[in-house]
Amino acid sequence: MSVHEEFDAWAEAGKDRGMEQRHWHTAKHALARMPVETGETVLDLGCGSGYSLRALRETAGVGRAYGLDGSPEMARNARSYTDDSSVGYLVGDFGDLPFPDDSLDHVFSMEAFYYAANPDETLREIERVLRPGGTFYCAVNYYEESETTHEWEENLDIEMTRWNREEYRQAFREAGLYVAQQDTISDRDVDIPPAEEFPTDDWETREAMVDRYRTWGTLLTVGVAP
Ligand SMILES: C[S@@+](CC[C@H](N)C(=O)[O-])C[C@H]1O[C@@H](n2cnc3c(N)ncnc32)[C@H](O)[C@@H]1O
């Protein structure tokens with residue numbers, strides 16, 4: 001199945017809002033760290049419901065905000081959740097960003113980058129569209145060290161790239177981005193029941209749940225364009 005078919009089906013079933021709720025737990029911390037100045041331009045790659053741009057417009061005074069998604073239904077839903085004319089949601093692919101060189105101040109992406117057909121090409125595209133000193137905040141829950149996430153690949157009929165932390169840093173550097181920061185953001189909003197309540201519907205053991213949410217959470221890698 002193609003990425004756009006899979007995520008069109010998710011959007012039509014209203015799952016974009018469910019993703020937003022789950023991802024917000026750690027995305028809000030990544031967004032709060034972005035060095036966005038009033039009036040700057042931000043792109044959200046794989047925007048889903050588009051929540052990150054609505055938040056940045058409210059909290060950081062973003063000037064122009066673009067959400068790009070390969071799923072027309074995701075982009076349609078995102079458009080329907082706002083009447084803010086400074087926020088635009090586009091259909092497009094990570095491999096060919098529809099922006100001129102040096103035209104964006106910041107790029108954000110939550111739980112989407114690893115779906116890129118060619119992640120190295122996507123990083124080169126991000127480096128191309130960022131102005132010098134512009135930043136890329138790349139947040140992923142699916143990565144090598146977070147072992148409980150590996151099974152996601154079996155549940156989805158889409159190619160996913162599973163890099164480890166060093167591979168992210170190396171790929172950023174090879175694309176011409178300086179790595180300014182990398183760390184993991186623990187998800188503290190998910191309640192983890194006491195040991196005697198396991199197994200639950202979703203988790204065999206408490207240890208696995210702690211590993212997923214508290215130990216590994218979201219990997220954030222921050223790149224800066226030279
Ligand atoms: C798991 S969802 C995450 C959505 C949102 N960022 C969030 O945090 O809820 C991944 C999104 O990336 C989009 N996507 C995946 N691969 C893409 C690609 N190659 N080009 C454009 N969008 C893509 C999907 O359509 C989907 O909406």
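**Helix faces, buried loop residues and the largest pocket**

In this predicted model, helix α7 spans residues 165-174 and has Tyr168, Ala171 and Phe172 as buried residues. Viewed down the axis of α7, these buried residues fall within an arc of 100°, so they line one face of the helix. A general feature of helices helps in reading such a pattern: an α-helix has 3.6 residues a turn, so residues three or four places apart point the same way. The cover over the buried residues of α7 includes α5 (119-129), β5 (130-140), β6 (178-185) and β7 (218-224). Both ends of this helix repay a closer look. At the N-terminal end of α7, asparagine 164 acts as a cap, with a side-chain oxygen 3.1 Å from the backbone nitrogen of glutamate 166. Just after α7, glycine 176 adopts a positive phi of about 95°.

Helix α5 can be described in the same terms. Its buried residues are Pro119, Thr122, Leu123, Glu125, Ile126 and Val129. Seen down the axis of α5, they fall within an arc of 160°, so these residues too line one face of their helix. Among the elements that cover the buried residues of α5 are β1 (41-45), β4, β5 and α7. Glutamate 125, which belongs to helix α5, deserves a mention of its own. With a relative accessible area of 12%, glutamate 125 falls under the 20% cut-off and therefore counts as buried. Apart from neighbours within four places in sequence, glutamate 125 is in contact with Phe94, Gly95, Asp96 and Leu97.

In helix α8, the buried residues are Met209, Arg212, Tyr213 and Trp216. Down the axis of α8, these residues fall within an arc of 135°, so they line one face of the helix. The buried residues of α8 pack against α6, α7, β6 and β7. Just after α8 comes glycine 217, with a positive phi of about 50°.

Attention now turns to the loops. The loop between β5 and α6 holds asparagine 141 and also threonine 149. Asparagine 141 has 4% relative accessibility and so counts as buried. The side chain of asparagine 141 is joined to that of threonine 218 by a polar contact of 2.5 Å. Residues up to four places away in sequence aside, asparagine 141 touches His23, Thr26, Met110, Glu111, Ser146, Thr149, Trp152, Arg212, Gly217 and Thr218. Two residues met above in connection with α8 thus reappear here, namely Arg212 and Gly217.

Threonine 149 is buried as well, because its relative accessibility is 0%. The side chain of threonine 149 reaches the backbone oxygen of serine 146 at 2.7 Å. With residues up to four places away in sequence left out, threonine 149 touches Asn141, Tyr142, Tyr143 and Arg212. Arg212 is therefore a contact of asparagine 141 and of threonine 149, and is itself one of the buried residues of α8. From threonine 149 to phenylalanine 94, the C-alpha to C-alpha distance is 23 Å, with their positions 55 residues apart in sequence.

Another loop, the one between β4 and α5, contains tyrosine 114. At 1% relative accessibility, tyrosine 114 counts as buried. Its contacts, leaving aside neighbours within four places in sequence, are Val140, Tyr142, Trp152, Glu159, Met160, Thr161 and Tyr168. One of these, Tyr168, is a buried residue of α7. Tyrosine 114 and aspartate 101 are 13 residues apart along the chain, and their C-alpha atoms are separated by 23 Å.

Tyrosine 114 also leads to the largest pocket. This pocket has a volume of about 1200 Å³. Its lining is made up of 50 residues, and those nearest its centre are Trp10, His23, Glu111, Tyr114 and Tyr115. Two or more lining residues come from each of α1 (3-12), α2 (15-33), β4 (104-110), α6 (152-155) and α8 (206-216). The largest share, seven residues, is given by α2. By residue class, the lining divides into 22 nonpolar, 16 polar and twelve charged residues. Of the residues nearest the pocket centre, His23 and Glu111 are also among the contacts of asparagine 141.

Definitions and conventions:
Residues are numbered from 1 along each chain as its sequence is written. This is a predicted model: local features need pLDDT of at least 70, side-chain atom pairs count only at pLDDT 80 or more; totals for chains, interfaces and linings use all residues. Side-chain values use heavy atoms; hydrogens and water are left out. On a 1 Å grid over the protein atoms alone, a cavity is a set of points where a 1.4 Å probe fits but cannot get out, and a pocket is an open set with protein on both sides within 12 Å along at least five of seven lines; lining residues have an atom within 4 Å of a point. Grid points are joined across faces, edges and corners, and a volume is the space filled by probe spheres set on the points. Helices (H or I, at least four residues) and strands (E, at least two) are DSSP runs, numbered from the N terminus. Ala, Val, Leu, Ile, Met, Phe, Trp, Tyr, Cys and Pro count as nonpolar, Asp, Glu, Lys and Arg as charged, and the others, Gly among them, as polar. Buried means under 20% relative accessible area, exposed over 50%, partly exposed in between (1.4 Å probe, protein chains only). The arc is that of the directions from the helix axis to the C-beta atoms. Contact means heavy atoms within 4.5 Å. A polar contact is a pair of N or O atoms within 3.5 Å; within protein, one must be able to donate a hydrogen and the other to accept it, and residues adjacent in sequence count only if both atoms are side-chain atoms.
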